[in-house]
Amino acid sequence: MLATTFGAAVYGVEAKLITVEVSLIKGAGISVVGLPDNAVKESLQRIDAALKNGGYTQDRKKTVINLAPADLRKEGSAYDLPIALCLINISCGVVFEKEISEYVILGELALDGSLRPIKGVLPIAIEARKEGKRGFILPKENASEASIVNNLDVIGVDSLQEAVDFLKGTLEIKPLITDTRDIFFHSLNDYEADFSHVQGQENIKRALEIAAAGGHNVIMIGPPGAGKTMLAKRLPSILPPLTLMEALETTKIHSVAGKLGNRATLIARRPYRSPHHTISDSALVGGGSYPQPGEISLAHNGVLFLDELPEFKRTVLEVMRQPLEERKVSISRSRMSVDFPSSFMLVASMNPCPCGYYNHPDKDCTCPPGAVEKYLNRVSGPLLDRIDLHVEVTPVSFDQISSTRKNESSEEIRTRVTEARERQVERFKKHSEIYCNAMMPAEMVKEVCQISEPGKALLKRAMERLGLSARAYDRILKVSRTIADLAGTENIQNEQLAEAIQYRSLDRENWAG
C-alpha cells in the first residue's frame, strides 16, 4: 500500500516541492529515508503521539517514509502533517474523498494533534502555484501569508483532525482569499516616524534626501545626542514606495527567516534594520549549516543602519564589502550554496572621537593626541570608499528645539525623491541591473555625469585644496548627478557640484587633526 502527497523545502529564498511517500510492507518497524535531519526523524514520535491522542489505530506493519528527491537534505518539523495524513490514509484505513496528492501539505504537530506555525510559507506557496497544485493545507496562523498568492486554494487548519475531516469531505473549509493589492496600497508609506517631527538639522535632512534620491550610502559623524539615530530612523519614510514585486521579494526573505510573525501578510513598507554592534559575521551576512538570511538580506529594498560604526568588529564590517558592490550575498557550505539578495542602503553613524566631542562647538575634546585618528582608523578605507556621503552633524540649539515652526513632512520630501528616481529609471532603462545613480559603474560615470570646463576646474581646486582622495572623484560626480535630478536639470551645474564636494568630510587630509 502506498500514499503520496507533497511537502516543500526552502533553499535560500526559493522553494522546491518534496514528494512525501509512505508505504506499508511486510515486517515491523518504521524508517524515514531521503536525507532527513534530526528534526524530521523526531517527527515519528510526535506523529505517533498525535495519532494515539486523536483516537487512530495504526496497522502495525513495516512503514517506510521516503522524502524525494533523496539527494536533497530535508530539515525542520514541517513534514509532520503530510506524513501523518499519509499514515492515516493507508495505516489507519481512513478514506479521503479529496485527492491528497493535489495539495501541498505542511505543518508541525503538537502531541495533542494541534498545529504549530512554520517558516518560509510564501516561497512555498509561489512554488505550489507554479507546479500547478490545487491547494495548500497548512496551519491557520500561516494562512494569511500564503493567501498573498492567488489561484491557489489556501486551507488553514488548527489541528490534524481538521485536516482529516477536510480531506474526507465532512468539513467544509473555504479557501482564504486576500486582496493583495488592497493590503499593499493601504499599508504603503504608513510610517510612524516622520521628518515633520525633527526640529532643525536642515542640512542633514537635505543630505538624507539626496541619499534617498540616488540610493547612496551615507555616514553621519557627530557628538552624542545630535540626532543621528533619530534621523536615520526616518530615512525609510522618504524612500520611493515599494513596488508590488519588491514587496513580494522582501516578504519572501522575512518569511524564510521566520521574522513575519503569526497571521502576517505582505510587507508593504521598506524595511529598517538596526543590528547591535556585537553582531557576528554570520548574523550580519547570513549563514549557518543550513544557510539563513542575515541582517543585510533582511534590509533588502530598505535601510541597514549601523549605529556607532567603529564599535563593530573589523571582520564584521569587512564582510559587507562584496554585498555592497554586488547587491547579493553568496553563502557556500559543503552541502549547498545559496544566494540571498541584499540590495540595501547603508546608513552609518559614529562619534568623531572616543569621548565624542571632537569639533564640538561648545565642549572640548578630552581625547589624548592621536586618539581621534586611531578611532577613525577602525573603519577601513575600502568600506568608506563605498559610502558616498559623509555628513557632519552638529547639536541643535535651544531656539531650534523650542521652535513651533511647521517642518516639511516625509510625504513632501518623498514626492521629490520619487520624481528624481523616475528620472534615473528612464535614464537606465536599457540597463536592467541599474535603477539609481549609486549603482553606476565607473565606466558609466564619465558618460552620465559630464561636467563643464568651469566645473572641472572647481573639482580640481577642491581636490587640491581640501586634500580629497582620488576615490572621492567618482563619488562626487554621482552625488552631483543626483542633486541635478532633484533639481530637474539635465546637466550638472557648478553649484550642484560644489554641494556634492562638501559631502566628503572624511576624505579630507588631516580631518582628524
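What share of the contacts in the protein chain with a separation of 6 or more comes from residues 24 or more positions apart? In this predicted model, such residues account for 74% of those contacts.

**Figure 1. Overview of the predicted protein chain, with its 22 helices and 18 strands.** The C-alpha atoms of the chain fill a box of roughly 90 × 50 × 45 Å when the box is taken along the principal axes. Of the 513 residues in the chain, 55% count as buried.

**Figure 2. Close-up of the contact of helix α4 with helix α10.** The axes of α4 (residues 121–130) and α10 (residues 244–256) come within 7 Å and cross at roughly 120°, which makes α4 oblique to α10. From α4, the residues V121, L122, P123 and I126 take part in the contact, and they meet L248, T251, K252, S255 and V256 of α10. Sorted by class, the residues of this contact comprise six nonpolar, two polar and one charged. An α-helix has 3.6 residues a turn, so residues three or four places apart point the same way.

**Figure 3. Close-up of the largest cavity, with its lining residues V13, E14, A15, P123, I126, E127, K130 and K252.** A search of the whole structure finds one cavity of 30 Å³ or more, and the volume of the largest cavity is about 40 Å³. Strand β2 (14–25) and helix α4 each supply at least two residues of the lining, with α4 giving the largest share, four residues. P123 and I126, which belong to the contact of α4 with α10, are among the residues that line this cavity, as is K252, a residue of α10 that takes part in that contact. The lining divides into four nonpolar and four charged residues, with no polar ones.

**Figure 4. Close-up of the largest pocket, which holds about 650 Å³ of space.** Of the 28 residues that line this pocket, E325, E326, R327, E433 and M439 are the closest to its centre. The elements that give two or more residues to the lining are α10, α14 (321–326) and α21. By class, the lining contains 12 charged, nine nonpolar and seven polar residues.

**Figure 5. Close-up of R327 and N301, two residues other than glycine with a positive phi.** R327, one of the residues closest to the centre of the largest pocket, is found in the loop between α14 and β15 (328–332), and its phi is near 60°. With a relative accessible area of 18%, R327 is buried, because the cut-off for a buried residue is under 20%. N301 lies in the loop between α12 (295–298) and β14 (303–306), has a phi near 70°, and counts as buried at 7% relative accessibility. Most residues other than glycine have a negative phi.

**Figure 6. Close-up of the cis peptide bond that joins A68 and P69.** Omega of this bond is about 5°, and P69 has its place in the loop between β4 (62–68) and α3 (80–90). Most peptide bonds are trans.

**Figure 7. Close-up of helix α22 (residues 494–501) and its buried residues.** The residues of α22 that are buried are Q496, L497, E499, A500 and I501. These buried residues pack against three helices, namely α8 (202–214), α20 (453–465) and α21 (472–487); of these, α21 also gives two or more residues to the lining of the largest pocket.

Technical notes: Residues numbered from 1 in each chain as written. Predicted model: local features only at pLDDT ≥ 70, side-chain atom pairs only at ≥ 80, totals over all residues. Heavy atoms only, no water. Axes fitted to C-alpha atoms, helices over the stretch in contact; angles between N-to-C directions. Parallel < 35°, antiparallel > 145°, perpendicular 65-115°, else oblique. Contact = heavy atoms within 4.5 Å. Nonpolar A, V, L, I, M, F, W, Y, C, P; charged D, E, K, R; others polar. Buried < 20%, exposed > 50% of the residue type's maximum accessible area, 1.4 Å probe, protein only. 1 Å grid on protein atoms, 1.4 Å probe; cavity = no way out; pocket = protein on both sides within 12 Å on 5 of 7 lines; lining within 4 Å. Points joined across faces, edges and corners; volume = space filled by probe spheres on them.
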